[in-house]
Amino acid sequence: MGSELELDYLLNHPIAENVTSDVNIETIERRSFSPKKIPIFSQGVSLLKDQPQYSFINDKESERVLPDIIHNQVQKVTINGQVSEAEKREFSRKRKIGVVFSGGPAPGGHNVIAGIYDEVKKYNVKSKIFGFLMGPDGLVESRYTEITQDMVDAHRNMGGFSMLKTGRTKIDSKKKMDLSLETCRNLGLDALVVIGGDDSNTNAAFLAQHFKASGIKVIGVPKTIDGDIQVKTDQGDVLCAISFGFHSAARAFSQNISNLANDGKSTVKYWHVCKVMGRVASHLTLESALQTHANLSLIGEELAEYVDQDRLKKAKENKTVDYNAFGMTLRHLSRVICDTIVRRAAFGKNYGVMIVPEGILEFINEIQVFIIKLNKIIAEYNTIHDLDFHRSFPVLTAKLDYLRRISQGMIDTTPFPIWNLRDDELFNQLPPFFREGLLVERDLHGNFQFSQVKTEKIIMDMVKEYLGVLKEQGIYKIGIEAEEYQVIMAAGHLDPDSYGAAIFRNPGAPYLLVKENIISQKTLKQALVSNKLMDGDDSVPAPIVDIYKKSEPNFKTQTHFYGYDGRGSDPTHFDCNYTYNLGMTAFHLLAGNATGQMAAIRNLELGFDQWEPIGIPIAKLMHLEERKGKLELVIEKSLVDLNSNAFRAYKALREKWVAADLGPDHYRQPGPVRFSGETEEDRPITLVLNSIRA
Ligand code: FBP
């Protein structure tokens, strides 16, 4: 063995310095990448043109509380051929702009800032951009930093929201609004850009209304990996096809999921259960399904539409109406999953990949009822007692005891008589970890925190239980490849035909299934004896025992949660370009004096040269929704449209992807995000499919 290198020599060696540096080649390449610019942004001073052809039905409450921005029109950023010197001067005047990240990170956020920064500085180098720290808290508490060229350059095309960090605080009181206004006034801001999801853009609308008299503009930017900010007009025109970050997160999840598919079809022993983020909508699941062709993907929105035809039929026969026939129950869902598992096993595939959306419980009737009732109880408790429910009852037993007392009428429930003995009984039948999950503290916007609940565990526990029943009934069996059977029988000098007829339900088929009544070595022996293939005193021939054991399923799962990893990933090319242009759009909107608008880009599904920067009136996207047990005005989340091309294509192809047949699995390997090179896909598959027209 050679002598050890001196450590100093090793660490200072150029090769070692290179490979151990914090900054690798990928990062250098990312930082130096210049996203494409929509041509209009290279053509100078823009103006905003109202687009009255795009209309929305206003919510009455939105009209009442957002009177100064509810009448905004969709605006298109366009070019004015003849700009006067005065207009140029006004457009290029020195500005101060604040930006804030709000909500969970989404890949591309830094590029929004880079887009704003580059565009602001292009028109006036003296303009300044301030970033509020730790999300909306920074705005309320006046914590900020001036964003410099170095900061922007270090974060170009990089994931996360680390430049400013983020938070989920909701600016929901007059006091917080006033403090935010004070911060912006003290800084002399012309405008504030809120980079956030549906709740943060809701906040942006309220801030725009509150700031109106001050002249400070507020612009939102549609961020969320969940993909649930999508905007269509009443006529069905798509104005915002997808929020930024969705593509990158879906690609990150899909790479991991397809790696598991690879592992699964190699080791053939696990069902990989992948829960993917999306606190309500199943867009990420749908995109991941299309990216990976996983064997089974659950789309919450579809489950909600489920109708149990058998129950309906029975009810009709009895001349009654069975309301429980509408909507999916946990029990029924576990049956649906088991059906796929059993069908694959029959072809020797006792493994697979399944994608479960994080927000699936929102679409399961009985659970949704609990979520709504518990929201109401917690909200009422907080209001009546002016205390926090979770602080008052910090442990599960205390919470359950409170619920029990309500159900027994020991607590005056006049304002919320919604928890009865039956609720209490049903709730207490759920496993403790799940009850705890359902009682978890709501986030500051009143959203149920699905990411904290082991959704996949509750579903898979029921699946395991029911598979046990199916195994007992002899229905869940692993198909034995006919060829393998022949080899084993030949080695044991046994006649495959006579034994085959005694033990298989489908002798002669390519995959042989042991008869349903053979569920133990004892029943196996009985079958052989009754077919006169052996005497009761003899032992079952070893090859037959071997075959029987091979047919006995052992259901093994590995569970995975894909969320935080994907939302922290570096943006894809699509998200880099999209977000950089969103940043520039935000600048052009505020320079055109827009407020209460969300920056968006139309035609994302078309070629880059057809991308069109626009502003969408946020107030028109709002509706009343139950939050923390009360109705609140919020932006309506966009759910998976069951009539969309993407969903219909997935639905038509999914049976093929179940691959419960003689053929191979049909997994797709999207591979890692390729930042350089021609082969990187340039937009989400759902977007591509939805853009196909006759
Ligand atoms: P946003 O709506 O803020 O984009 O966040 C969505 C999300 O990524 C969900 O998919 C997930 O349920 C949630 O964040 C988890 O957030 P956290 O654990 O940070 O509170």
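Trainee: In β2, Q75 is the bridge partner of D50. What makes β1 and β2 a pair?

Mentor: Two strands pair if DSSP finds at least two bridges between them. Five bridges join β1 (residues 46–50) to β2 (residues 75–79), so the pair qualifies, and the strands run antiparallel. Strands (E, at least two residues) and helices (H or I, at least four) are DSSP runs numbered from the N terminus.

Before we go on: the model is predicted, so local features need pLDDT of at least 70 and side-chain atom pairs count only at pLDDT 80 or more, while totals for chains, interfaces and linings use all residues. Residues are numbered from 1 along each chain as its sequence is written, and side-chain values use heavy atoms, with hydrogens and water left out.

Trainee: How do you know that β2 also pairs with β17?

Mentor: Two bridges link β2 to β17 (residues 612–617) in the antiparallel sense, and K76 stands opposite I614 in β17. The cut-off is therefore met here too.

Trainee: Why are β11 and β15 called edge strands?

Mentor: They belong to an open sheet of four strands, ordered β11-β12-β10-β15 with parallel pairing. β11 (296–297) and β15 (557–562) each have a single partner strand, so one side of each has no neighbour in the sheet. For β15, six bridges tie the strand to β10 (residues 271–276) in the parallel sense, with V273 opposite T559.

Trainee: On to the ligand. What makes the link from G104 to the ligand a polar contact?

Mentor: A polar contact is a pair of N or O atoms within 3.5 Å; within protein, one must be able to donate a hydrogen and the other to accept it, and residues adjacent in sequence count only if both atoms are side-chain atoms. A backbone N or O atom of G104 is 2.8 Å from a ligand oxygen, so the contact counts. G278 also meets the cut-off, with a backbone N or O atom 3.3 Å from a ligand oxygen, as does E358, with a side-chain N or O atom at 2.9 Å. The protein covers 89% of the 490 Å² of accessible area that the ligand has on its own (Shrake-Rupley method, 1.4 Å probe).

Trainee: Why is the pair of F370 and W419 called tilted?

Mentor: Rings of Phe, Tyr and Trp (its six-membered ring) pair if their centres lie within 6.5 Å; planes under 30 degrees apart count as stacked, over 60 as edge-to-face and the rest as tilted. The search finds 27 aromatic pairs in the whole structure. For F370 and W419, the centres are 5.8 Å apart and the planes 50°, so the pair is tilted. F370 sits in α16 (residues 365–385) and W419 in the loop between α18 and α19, 49 residues apart.

Trainee: What makes D308 a cap for α14?

Mentor: A side-chain oxygen of D308 lies 3.2 Å from the backbone nitrogen of D310, at the N-terminal end of α14 (residues 309–317). Just after α14, K319 takes a positive phi of about 55°.
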